[in-house]
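Take a look at the protein shown here. The report below walks through one helix, some charged pairs, the cysteines and a few loops.

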Amino acid sequence: SGASLRYSTGTGGEGSEGEGAGLASSESGGSGFSLAATALPERRRPGGGRPRYEVVRELGAEEVRWFYREDRKTWKPFIGYDSLRIELAYRALGAGGPTEPREGEAAAVEPVCVRSGLYEVDVASAESYPVYWNQTEKIPVMRGQWFIDGTWQPLEEEESNLIEQEHLNRFKGQQLQESFDMEVSKPVDGKEAIHSLKLSRNHVDWHSVDEVYLYSDATTSKIARTVTQKLGFSKASSSGTRLHRGYVEEATLEDKPPQTSHIVFVVHGIGQKMDQGRIIKNTAMMRDTARKIEEKYFSNLATHVEFLPVEWRSKLTLDGDTVDSITPDKVRGLRDMLNSSAMDIMYYTSPLYRDELVKGLQQELNRLYTLFCSRNPEFEEKGGKVSIVSHSLGCVITYDIMTGWNPVRLYEQLLQNEEEELEDRWMSYEEQRLLEELYITKQRLREIEERLHGLKASTISKPPVLKFKVENFFCMGSPLAVFLALRGIRPGNSGSQDHILPRTICNRLLNIFHPTDPVAYRLEPLILKHYSNISPVQIHWYNTANPLPYEHMKPSFLNPTKEPTSVTDSESVSTAPSPTTSPVMVRRHYGESITNIGKASILGAASIGKGLGGMLFSRFGRSSTTTPQTLETGKEGAEGDDKKATTVGTPPFPHSSSGFLEPAVELEHRIDFELREGLVESRYWSAVTSHTAYWSSLDIALFLLTFMYKHDQDDTEKSNLDAI
């Protein structure tokens, strides 16, 4: 068809352009190529018909297309902006290209930055590698000149070079035939090949200047060819593959990625030692889902959000191999898995290694930010923002870096309390005198330390721990609330995020979790106790039409009614919920048969084991004994029905009717956001998988982007995005 003919020969320039394109002018492909190519005229041919009297000449840089291949899959084309710049660097290497670079010149060609600045291409070695993280496997890149009809996949470079050389030797300077304007070119049936080229396993026939076919020389295809030709089919249609010279779409510098206005550091949790590349794969999944959401909902914005993995674990030595040497041999596989994952929590609670973990993450965050700003100097000038997405234990370490929390302070407070207790008991005169002396000496020491600290502070201003202000801190599947509760944080009476994370350090804290994630806990009841009876905000499905904006969603009320079987000795129906573990969400009863079959054994396990297993199972055991789902937010104006306003710290009676709350104090911003459960999944199976199910979720991608693009959207005029 006309469309398939459009770029089949990929000639160097249209009659009107002639040599003026600046790209096709240099036949050697050498130093004649400079970035003057930015003034390239648009050469896409809209109608399908080509101007007549074109002459076969060398391919222009805009007609060549470069490709890359990840995970041994198919070749993917670089966007026009990247491809054109790689081609110019390739031509700058010299006419021989990467195979025979001129002496001393190979080093002079700088690597080309591609794929939104995340990768670089080394043209001399025909490889691509990531800029911000380490990857053992290099990504091969390839120069495409001849392409397979239909798929537009490039021919292997060696074959492509041979065909191109032969094509130029035979047809260079010849005019193309005048059958271009016809919608369909004549079939090649009956046409004899006017030229042929033998390759190692194939051969190529030219039936005319722009009708080129590739034939396989394998025995089976030879038999097939003779059979079909005897039946009256043409040689070409039976087993030949049509080839096109030059890519279907010409590369232009306008085809470039949008500017990055927001970077997101993705921090991993435990288990990274087991699979060091996992955070890179997870971040890639998150980046890909975010790209899809950006295309669907945020395409009218000229900027985009970039996700960078923060791999902090592999560089740490910690105890070397001491733990491995004391591990018994039986069920070694399971023990090694636990050593590589759960051991990270023990390292973090160890005073010896905690600082190493914190410093490892802190240095990696600062290194990535500095590197990004050095490669994108406009980022800070234009007020670029930084957010952090942390998973699991990564949330706790990130929180401690931002707030500067240190267990040594707690220890000092403990010692002080012990001293005060000592003073209360009876003691001899001599003991009292010595204690007074000790007290005075300590006071003096404290004064000297303070003066010294004051002097230091006036001369050297201490650099901030992180080199950037955090805009949003997203926790996914986070045990942070448990750590905070064990550090003595208790609910207050102001609804401000400052109670656990000051706004001066981080503008917005958001805690995302799957309802059955056994590692995740709620943060809101640590700020206001009565939020343990308010359900977390449900995250919208990504394909919901006109969802209610999160800030307009009113808090809805949770009603846990526990069955006697699930109430253990330590908790009774009338007990106020603990500030860290909220009553479990009210749920639909899907998968009930599975729930009920395992219920007795699960509740038994909960009462036997008060360890991690018991804790998990008691949560799931309770979750199946709840009342029907509360009304959807915003429907029927139900907030007027329930006037039982709750005061801070006194949760309402558990059996009161469901509805919306009008509490005395509300949170400034909601913090806990919950993914919706799938309709068919088993709750116990999803407990196993949910902790790692965040990375590829389109719902989470839309949620993250909604908060990160908030300001950009407010600046633009009202659009269809306002509904999100």
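Helices (H or I, at least four residues) and strands (E, at least two) are DSSP runs, numbered from the N terminus. The loop between α7 (322-325) and α8 (332-340) holds Val 331. This is a predicted model, in which local features need pLDDT of at least 70 and side-chain atom pairs count only at pLDDT 80 or more, while totals for chains, interfaces and linings use all residues. Residues are numbered from 1 along each chain as its sequence is written, and side-chain values use heavy atoms, with hydrogens and water left out.

**A surface patch**

Start with Val 331. Buried means under 20% relative accessible area, exposed means over 50%, and partly exposed lies in between (1.4 Å probe, protein chains only). Val 331 has a relative accessible area of 56%, so this residue is exposed. Val 331 joins Leu 334, Met 337 and Leu 338 in a nonpolar patch on the surface. Together the four have about 370 Å² of accessible area. Such areas come from the Shrake-Rupley method with a 1.4 Å probe; for residues, only the protein chains shown count as cover. Patches are made of residues with over 30% relative accessible area and no salt bridge; like charges are joined within 9 Å, and nonpolar side chains (Val, Leu, Ile, Met, Phe, Trp, Tyr) within 5 Å.

**Helix α2**

Now turn to a helix. Helix α2 covers residues 80-92, which makes 13 residues. From its first C-alpha to its last, α2 reaches 18 Å, close to the 18 Å expected at 1.5 Å a residue. The expected span is 1.5 Å times one less than the number of residues.

Why is α2 largely enclosed by the rest of the structure? Of its 13 residues, 11 are buried, so the rest of the structure largely encloses α2. Among the buried residues are Gly 80, Leu 84, Ile 86, Leu 88 and Tyr 90. Charged types are on the list too, including Asp 82, Arg 85 and Glu 87. The buried residues of α2 pack against β1 (65-68), β3 (112-114), β4 (119-122) and β6 (139-144). Just after α2, Gly 94 takes a positive phi of about 125 degrees.

**Salt bridges**

A salt bridge is a side-chain nitrogen of Lys or Arg within 4 Å of a carboxyl oxygen of Asp or Glu. By this rule the count is 26. Three of the pairs are set out here.

| Pair | Closest N to O distance |
|---|---|
| Arg 85 and Asp 82 | 3.3 Å |
| Arg 332 and Asp 329 | 3.3 Å |
| Glu 437 and Arg 433 | 2.9 Å |

Arg 85 and Asp 82 both belong to helix α2 and lie three residues apart, about one turn of the helix. Asp 82 is buried, with a relative accessible area of 3%. Glu 437 and Arg 433 are four residues apart in helix α14 (residues 429-459), so about one helical turn separates them. An α-helix has 3.6 residues a turn, so residues three or four places apart point the same way.

How accessible are the others? Asp 329 is exposed at 63% relative accessibility. Arg 332 is partly exposed at 26%. Glu 437 is partly exposed at 44%, and Arg 433 is partly exposed at 34%. Elsewhere, Arg 287, Arg 291, Glu 294 and Glu 306 are linked in a network of salt bridges.

**Cysteines**

How many disulfides does a search of the whole structure find? The search finds zero. A disulfide is a pair of cysteine sulfur atoms within 2.5 Å. The sulfur of Cys 506 is 8.8 Å from the closest cysteine sulfur, in Cys 475, which is too far for a bond. Cys 506 is buried, with a relative accessible area of 0%. Cys 373 also counts as buried, at 13% relative accessibility.

**Three loop residues**

Leu 155 is in the loop between β7 (146-148) and α3 (157-171). At 5% relative accessibility, Leu 155 is buried. Contact means heavy atoms within 4.5 Å. Beyond its neighbours within four places in sequence, Leu 155 is in contact with several residues, including Met 142, Trp 146 and Leu 243. Leu 155 and Met 142 are 13 residues apart in sequence, and their C-alpha atoms are 9.5 Å apart in space.

Most residues other than glycine have a negative phi. Arg 72 has a positive phi of about 55 degrees, although it is not a glycine. Arg 72 lies in the loop between β1 and β2 (76-77) and is exposed at 72% relative accessibility. Ala 126 also has a positive phi, near 55 degrees. Ala 126 lies in the loop between β4 and β5 (127-130) and is partly exposed at 24%.
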